[in-house]
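Me: Pick one part of this model and take me through it closely, please. I'd like to see how it sits against whatever surrounds it.

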Amino acid sequence: MPDYAYVVLSQPVRGQEDVYNQWYSERHLRDVMAVPGFVSAQRFQLADPAAEGAPSQRYMAIYTMRTDTPDALLDTLRDLVESGQMEMSDALDQDNLTTILYEAITPVVSA
């Protein structure tokens, strides 16, 4: 089964950074990992927001998916959110959210 990286660039609503980070790190990552087909998740913070070409979003989450049907898996995730079965936070700026799907072309190389 192929691996995919689902990259989510996001940011908090102004003044809600602590609430956003607590929800994302303590709740949302676990909720997504409960969906069969998602195998790992990790969050990152932009190291240099002033760097040339830096995105407007300061936070990134990378989810590893293992599935033969990535679009169907993302549809499942979207359905859970839209039905209210997966809680989203009002502290997430949903107007400035970018999602990108990548398909693995090599196996993981580790030290």
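**A close look at helix H1**

Reply: Let's start with the side that is tucked away: the buried residues of H1 are Tyr 20, Asn 21, Trp 23, Tyr 24, His 28, Leu 29, Asp 31 and Val 32. Buried here is under 20% relative accessible area, exposed is over 50%, and partly exposed is in between, with a 1.4 Å probe and protein chains only. Keep in mind that this is a predicted model, where local features need pLDDT of at least 70, side-chain atom pairs count only at pLDDT 80 or more, and totals for chains, interfaces and linings use all residues. Residues are numbered from 1 along each chain as its sequence is written, and side-chain values use heavy atoms, with hydrogens and water left out.

The cover over those buried residues includes S1, S2, S3 and helix H2 (70-82). Helices (H or I, at least four residues) and strands (E, at least two) are DSSP runs, numbered from the N terminus.

H1 itself covers residues 17-33 and lies across S1, S2 and S3, at about 165° to S2. Axes are lines fitted to C-alpha atoms, for helices over the stretch in contact, and angles run from 0 to 180 degrees between N-to-C directions. With 17 residues, H1 reaches 23 Å from first C-alpha to last, close to the expected 24 Å (1.5 Å times one less than the number of residues). There is a bend of about 40° at Tyr 24, taken as the angle between axes fitted to the seven residues ending there and the seven starting there.

Tyr 24 is worth a pause. Setting aside neighbours within four places in sequence, Tyr 24 is in contact with Val 8, Ser 10, Leu 29, Arg 43, Ala 61 and Tyr 63 (contact is heavy atoms within 4.5 Å). Tyr 24 is also one of the residues that touch the most other members of the largest nonpolar core, a set of 20, along with Tyr 6, Phe 38, Tyr 63, Met 65 and Leu 77. Such a core is made of buried Ala, Val, Leu, Ile, Met, Phe, Trp, Tyr and Cys residues joined through side-chain atoms within 4.5 Å. S1, H1, S3 and H2 each put in at least two residues, and H1 gives the most, with five.

Further along H1, His 28 is buried at 8%. With the same four-place neighbours left out, His 28 contacts Trp 23, Tyr 63, Met 86, Glu 87 and Met 88.

Now for the sheet. Its four strands form an open, antiparallel arrangement in the order S2-S3-S1-S4 (two strands pair if DSSP finds at least two bridges between them). Strands S2 (38-45) and S4 (98-103) are at the edges with a single partner each, so one side of each has no neighbour in the sheet. On average, neighbouring strands are turned by 15° against each other, ignoring direction.

S3 (59-66) is joined antiparallel to S1 (3-10) over eight bridges and to S2 by seven. Met 60 of S3 is the bridge partner of Phe 44, and Leu 9 stands opposite Met 60 too.

The side chains of S3 alternate: Tyr 59, Ala 61, Tyr 63 and Met 65 point to one face and are buried, whereas Met 60, Ile 62, Thr 64 and Arg 66 point to the other and are not. Tyr 63 and Ala 61, from that buried set, are among the contacts of Tyr 24.
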